[in-house]
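This report describes a sheet and the surroundings of one residue. The structure is shown first.

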Amino acid sequence: MVLSMPSLLCLPFMAPIFSSFLALTLIIPLSNAQGPPSPGFSPSSRVSTVAFNTGFRNLWGPQHQKLDQGSLTIWLDKSSGSGFKSLRPYQSGYFGAAMKLQPGYTAGVITSFYLSNNEEHPGDHDEIDIEFLGTTPDKPYTLQTNVYIRGSGDGNINIGREMKFHLWFDPTKDYHNYAILWNPSEIIFFVDDVPIRRYPRKSDATFPTRPMWVYGSIWDASSWATENGRYKADYNYQPFVGRYTNFKVSACTANSPAPCRPPSASPYGSSSLSPQQALAMNWVKNNYLVYDYCHDPKRDHTQIPEC
């Protein structure tokens, strides 16, 4: 016999069970199990894959770096980490890679993909970061996005613009695509073509404009990476491994002619996100944003006027 809803509610012994079920469904959004709504546009599909040796080179820790059929593995142990760098600097563009992270205990370990000109401008550099903050087995990875302008990450001046996210999937199970789109008017961070953060250019003082190289690395940041340094790298779990493949670069080099235009973030061919992309980005923020520097009461907001 199939009971209708009114019949079900009339059964006294079923009422508490139904009430508990109803409360549970109100607490757990069904959309979380399904992932974000489709952004309706795939910037990565417009960008060709670049072979590692064609676009990049080892920067440090060559003995902790292995290239196998287009996939790059770098690792950290007690002796060293490893990093790589693009062969040329870029003025703007789309920069992406598929990454797969180490499972288990990775506290204190940073696995990153980012843009920087720190070697060209030591003490006065710019940077756009995608960083995975290592974690303990009982907690999810945190993806940190960050923007530094003109030395704001160089010791004496430390004005980070961090936004941190958890993800709607386990980044240790498979490769996922992570990307930065940087053009003269905005910076957009993507995960599997879903925009998770848009950083608009509100003034020259709060936006990086000088050429940058593309980097990736794995290294020990025990002093701050995991819960502000509460958990350190434990080399009983070494090696800590980061895997990269499907490198994508479509960009204007530092010497490109003035008409050079980076790829568009949206189907409109403009810098603005489409309404569908904005909906997907807001879904991520509503469900997975765990830190926003603009809403941190401990920050000196006179130093972050863009907020």
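How many bridges join strand β13 to β14, and in which direction do the two run? In this predicted model, β13, which spans residues 186-191, is joined to β14 by six bridges, and the two strands run antiparallel. Within this pair, I187 is found opposite Y199 of β14.

The pair belongs to an open sheet of seven strands with antiparallel pairing, in the order β2-β3-β16-β5-β12-β13-β14. The sheet has two edge strands, β2 at residues 65-68 and β14 at residues 194-200, and each of them pairs on one side only. From one strand to the next, the twist averages 20°. As general background, the strands of a sheet pair through backbone hydrogen bonds, which may be parallel or antiparallel in arrangement.

Y199, the β14 residue opposite I187, is also among the residues in contact with E306. E306 itself lies in the segment that follows β17 (289-292). Is E306 buried or exposed? Its relative accessible area is 8%, and because this value is under 20%, E306 counts as buried.

With neighbours within four places in sequence left aside, the contacts of E306 are R161, Y199, K202, T206 and Y293. The side chain of E306 makes polar contacts with the side chains of R161 and Y293. The distances are tabulated below.

| Side chain | Partner side chain | Polar contact distance |
|---|---|---|
| E306 | R161 | 2.6 Å |
| E306 | Y293 | 2.8 Å |

Both partners, R161 and Y293, also appear in the contact list of E306.

Note on methods:
Residues are numbered from 1 along each chain as its sequence is written. This is a predicted model: local features need pLDDT of at least 70, side-chain atom pairs count only at pLDDT 80 or more; totals for chains, interfaces and linings use all residues. Side-chain values use heavy atoms; hydrogens and water are left out. Two strands pair if DSSP finds at least two bridges between them. Helices (H or I, at least four residues) and strands (E, at least two) are DSSP runs, numbered from the N terminus. Axes are lines fitted to C-alpha atoms, for helices over the stretch in contact, and angles run from 0 to 180 degrees between N-to-C directions. Buried means under 20% relative accessible area, exposed over 50%, partly exposed in between (1.4 Å probe, protein chains only). A polar contact is a pair of N or O atoms within 3.5 Å; within protein, one must be able to donate a hydrogen and the other to accept it, and residues adjacent in sequence count only if both atoms are side-chain atoms. Contact means heavy atoms within 4.5 Å.
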